[in-house]
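I opened this notebook to record, step by step, what I looked up in the structure below. The entries follow the order in which I went through the topics.

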There are 2 protein chains.
Amino acid sequence: MKKRLGMNCNYNAVATRLALFAILLSAFLMQAQSDPLPAWNDGPAKQAIVNLVRATTDPSSPTFVPIDRRFATFDQDGTTWVEHPMYTQMVFAFDRVVQLAPQHPEWKTTEPFKSVIAGDKAAMAKLTAKDLEAVFVATHTGMSVEAFQQMAQDWLATAKDPRWHRPYTELIYEPMLEVMKYLRANGYKTYIVTGGGQDFVRTYSEPVYGVAPDKVIGSAVATQYSYNADGQGILMRPPKLLLDNNFSGKPEDIYLFIGQHPQAAFGNSTGDQQMLEYTQAGPGAHLMMIVLHDDAQREYAYGPADGLPPSEIGTFTQALYDEAKAKDWTVISMKHDWKQIFSWQK
Amino acid sequence: MKKRLGMNCNYNAVATRLALFAILLSAFLMQAQSDPLPAWNDGPAKQAIVNLVRATTDPSSPTFVPIDRRFATFDQDGTTWVEHPMYTQMVFAFDRVVQLAPQHPEWKTTEPFKSVIAGDKAAMAKLTAKDLEAVFVATHTGMSVEAFQQMAQDWLATAKDPRWHRPYTELIYEPMLEVMKYLRANGYKTYIVTGGGQDFVRTYSEPVYGVAPDKVIGSAVATQYSYNADGQGILMRPPKLLLDNNFSGKPEDIYLFIGQHPQAAFGNSTGDQQMLEYTQAGPGAHLMMIVLHDDAQREYAYGPADGLPPSEIGTFTQALYDEAKAKDWTVISMKHDWKQIFSWQK
């Protein structure tokens with residue numbers, strides 16, 4: 001009798017718990033079934049991403065990868081943010097020239113600074129690699145690493161792009177942010193692997209991409225250890241390039257930083273070609289994706305596809321397109337694969 | 001009455017749960033109170049480590065550091081494993097010369113190879129930096145990164161040190177392994193930052209130190225992206241040094257890889273001096289430790305302390321000792337601070 005009552009007296013508690021459990025379970029299932037990539041339209045591109053995650057994270061998969069060996073690498077310009085009409089870091093460099101001009105009266109009569117200060121767009125478009133190097137040396141070197149990062153941060157806080165009149169750090173492709181988050185939720189380490197400057201990107205990579213500075217690989221000067229007036233160790237930025245993180249530099253630097261092939265790589269130009277090849281040469285499952293800018297209305301249109309004007313920047317050549325097709329890389333059509341491009345653009 | 005019975009009838013269940021809870025709680029408390037550094041004797045060195053963890057991980061601490069910004073860097077030779085009587089990687093290089101000799105008949109009459117092949121210790125001790133460079137180029141370059149790692153792995157699997165007749169990967173300081181584990185358990189990323197070869201260390205860093213290859217910073221050749229016979233992307237090791245990860249190279253490369261000052265750094269020689277200075281120059285709390293080899297019985301004795309012979313290798317100079325004292329770095333006495341040196345040595 002006591003036992004019977006005992007069962008009875010637990011009834012309410014058990015019922016309450018069952019109800020709670022049911023609520024939690026359904027919330028969990030909804031969570032599990034909810035789409036991790038809502039800014040993507042259904043199709044082969046979206047499916048390829050989901051397939052890679054399944055192939056590398058399901059312990060029963062023959063291509064399962066232990067959690068601390070999962071790596072995905074993302075180019076930046078044209079892959080995770082807008083690169084038109086000019087690379088953002090180039091805009092920063094030109095703005096710095098104008099800002100520094102009062103301290104350099106000789107620039108008024110010296111190229112390439114003269115054209116930049118005058119805002120002569122036609123002349124600026126014709127600057128040679130050597131001219132641009134002079135601009136970079138003048139604006140990106142000669143200070144401590146902290147001073148450089150502060151300059152970049154200050155600029156990014158106020159500069160706005162000419163088309164949408166928004167900070168450059170808002171010109172991020174929402175679908176790519178989703179991929180990064182989805183991969184990280186599945187144990188991947190997500191790296192930015194940019195031809196741009198490592199230290200420039202590090203100033204915003206964590207708030208913008210959720211990528212901490214130790215996961216940013218980029219072109220980099222050979223910093224120089226020195227001492228400040230207090231005798232404290234500081235790092236200066238001399239005008240000496242250590243890493244040119246473009247083309248072959250990408251796989252070389254990926255190996256330097258992470259010591260293995262990534263399982264997934266995302267790019268959009270010939271500067272990413274070797275990174276995608278190197279990713280494909282790795283063991284097990286892999287995913288190589290390139291972004292085709294074919295949406296003039298919501299972003300820009302340029303590249304090798306029918307009816308698109310040829311690339312002027314971020315060269316997605318016909319040869320790269322052909323290699324992608326031949327090697328089963330996935331071409332992402334911004335127009336067709338992306339439901340939404342920017343978080344603020346419905 | 002029903003209610004009363006209801007309380008009664010739950011009594012046994014509640015009692016059982018309370019007992020279980022008490023057991024779990026005491027296990028938890030024992031765990032929490034158990035010493036994370038049992039191979040360390042109580043003293044200022046051990047306390048300094050515990051203090052850093054408290055200062056950087058307690059959210060109420062004014063020097064609290066967010067979890068993804070916690071970094072600790074460890075020199076290897078003489079700091080986490082034995083460096084006497086010769087750096088392990090040097091032994092590997094000399095063994096490789098002997099192994100490769102049949103393919104290089106000219107080495108029999110050419111220095112520095114002649115002395116190495118003859119096993120002439122006196123001559124080998126006098127090899128110049130240029131001689132050693134020739135040995136490294138002959139043994140460490142000209143192959144793919146995978147082929148090099150395989151060679152290093154094969155050698156480490158069979159080579160034994162001359163004193164204890166154990167694999168070199170067993171000559172690891174147990175107290176340092178404990179520090180690494182303790183720091184990682186507290187959210188720190190632990191890096192090996194070695195003057196030795198990055199790729200050499202990467203072959204064993206994960207099983208030996210729990211440090212994955214992406215957290216090994218070392219001297220490194222500028223790998224070269226190329227294609228194998230199947231047209232796949234591979235990385236070759238040309239005879240070109242990219243990173244000389246010694247002295248000033250350590251803070252420079254730490255910044256390149258992680259983009260900030262570490263909170264803790266461990267070294268044992270002048271090659272680590274700048275890394276310790278750079279760590280101290282960072283914001284908030286920090287810990288700089290240097291290992292003094294003063295235990296001839298259990299390991300080796302050399303360095304600036306009273307009665308110790310001067311360093312022949314891993315130069316812990318009097319000047320470094322003085323800087324450590326002046327700047328409040330913690331000198332670890334192997335003899336007095338370490339209860340146990342190797343895991344197999346009771």
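**Entry 1: a buried charged pair in chain B.** I note at the outset that I am working with a predicted model. I began with B:Asp272, which counts as buried at 1% relative accessibility, and looked for its charged partner. B:Lys250 forms a salt bridge with B:Asp272, and I find their closest N and O atoms 2.7 Å apart. Where do the two residues of this pair lie? I placed B:Lys250 in helix H11 (residues 249–258) of chain B and B:Asp272 in the loop between strand E7 (264–267) and helix H12 (273–280) of chain B, so the pair ties together parts that are 22 residues apart in sequence. I then checked the accessibility of the lysine, and B:Lys250 counts as buried because its relative accessibility, 1%, is under the 20% limit.

**Entry 2: other salt bridges.** Is B:Lys46 buried or exposed, and is its partner B:Asp42 buried or exposed? I looked first at the link itself, a salt bridge between B:Lys46 and B:Asp42 in which the closest N and O atoms are 3.3 Å apart. B:Lys46 counts as buried at 8% relative accessibility, whereas B:Asp42 is exposed, with a relative accessible area of 70%. In chain A, I found that A:Asp35, A:Asp42 and A:Lys46 are linked in a network of salt bridges.

Back in chain B, I noted a salt bridge between B:Asp295 and B:Arg298, with the closest N and O atoms 2.7 Å apart. I also looked up the acidic residue of that pair, and B:Asp295 counts as buried at 5% relative accessibility. For the whole model, I recorded a count of 24 salt bridges over all chains.

**Entry 3: chain A as a whole.** I turned next to the general make-up of chain A, which has 14 helices and 10 strands. How much of chain A do buried residues make up? I noted that they account for 55% of its 346 residues. I also looked at how far along the chain the contacts reach: of the contacts in chain A with a separation of 6 or more, 64% are between residues 24 or more positions apart.

**Entry 4: helix packing in chain A.** I looked up helix H2 (residues 44–57) of chain A and helix H8 (residues 174–185) of chain A, whose axes come within 11 Å and cross at roughly 15°. Because this angle is under 35 degrees, H2(A) counts as roughly parallel to H8(A). Which residues make the contact? On the H2(A) side I listed A:Ile49, A:Val50 and A:Val53, and on the H8(A) side A:Val179, A:Tyr182 and A:Leu183. The crossing of H2(A) and H8(A) is right-handed.

I then compared this with another pair, helix H11 (residues 249–258) of chain A and helix H12 (residues 273–280) of chain A, which pack at an angle of about 55° with their axes 7 Å apart. That angle makes H11(A) oblique to H12(A). From H11(A), I found A:Lys250, A:Pro251, A:Ile254 and A:Tyr255 meeting A:Gln274, A:Met275 and A:Tyr278 in H12(A).

**Entry 5: helix packing in chain B.** I looked up helix H2 (residues 44–57) of chain B and helix H8 (residues 174–185) of chain B, and they pack at an angle of about 15° with their axes 11 Å apart. This makes H2(B) roughly parallel to H8(B), and their crossing is right-handed. In this packing, B:Ile49, B:Val50 and B:Val53 in H2(B) meet B:Val179, B:Tyr182 and B:Leu183 in H8(B).

**Entry 6: A:Thr223.** I picked A:Thr223, which lies in the loop between strand E3 (216–221) and strand E4 (224–227) of chain A. A:Thr223 counts as buried at 11% relative accessibility. Which residues does A:Thr223 touch, not counting those up to four places away in sequence? I listed A:Val145, A:Leu235, A:Met236 and A:Pro238, together with B:Glu252 and B:Tyr255 from chain B. I also looked up a separation, and the C-alpha atoms of A:Thr223 and A:Lys160, 63 residues apart along the chain, are separated by 30 Å.

**Entry 7: how the two chains are related.** Finally, I noted that chain B can be laid on chain A with an RMSD of 0.1 Å by a turn of 180° and a shift of 0.0 Å along the axis. The two copies are therefore related as by a two-fold rotation axis. The same surface serves both copies, since 96% of the contact residues of chain B recur in chain A.

How values were computed: Residues numbered from 1 in each chain as written. Chains lettered and ligands numbered in written order. Predicted model: local features only at pLDDT ≥ 70, side-chain atom pairs only at ≥ 80, totals over all residues. Heavy atoms only, no water. Salt bridge = Lys/Arg side-chain N within 4 Å of Asp/Glu carboxyl O. Buried < 20%, exposed > 50% of the residue type's maximum accessible area, 1.4 Å probe, protein only. Helix = DSSP H or I, 4+ residues; strand = E, 2+ residues; numbered from the N terminus. Least-squares fit on C-alpha atoms with pLDDT ≥ 70 in both. Contact = heavy atoms within 4.5 Å. Axes fitted to C-alpha atoms, helices over the stretch in contact; angles between N-to-C directions. Parallel < 35°, antiparallel > 145°, perpendicular 65-115°, else oblique. Left-handed = near helix turned anticlockwise from the far one by under 90°.
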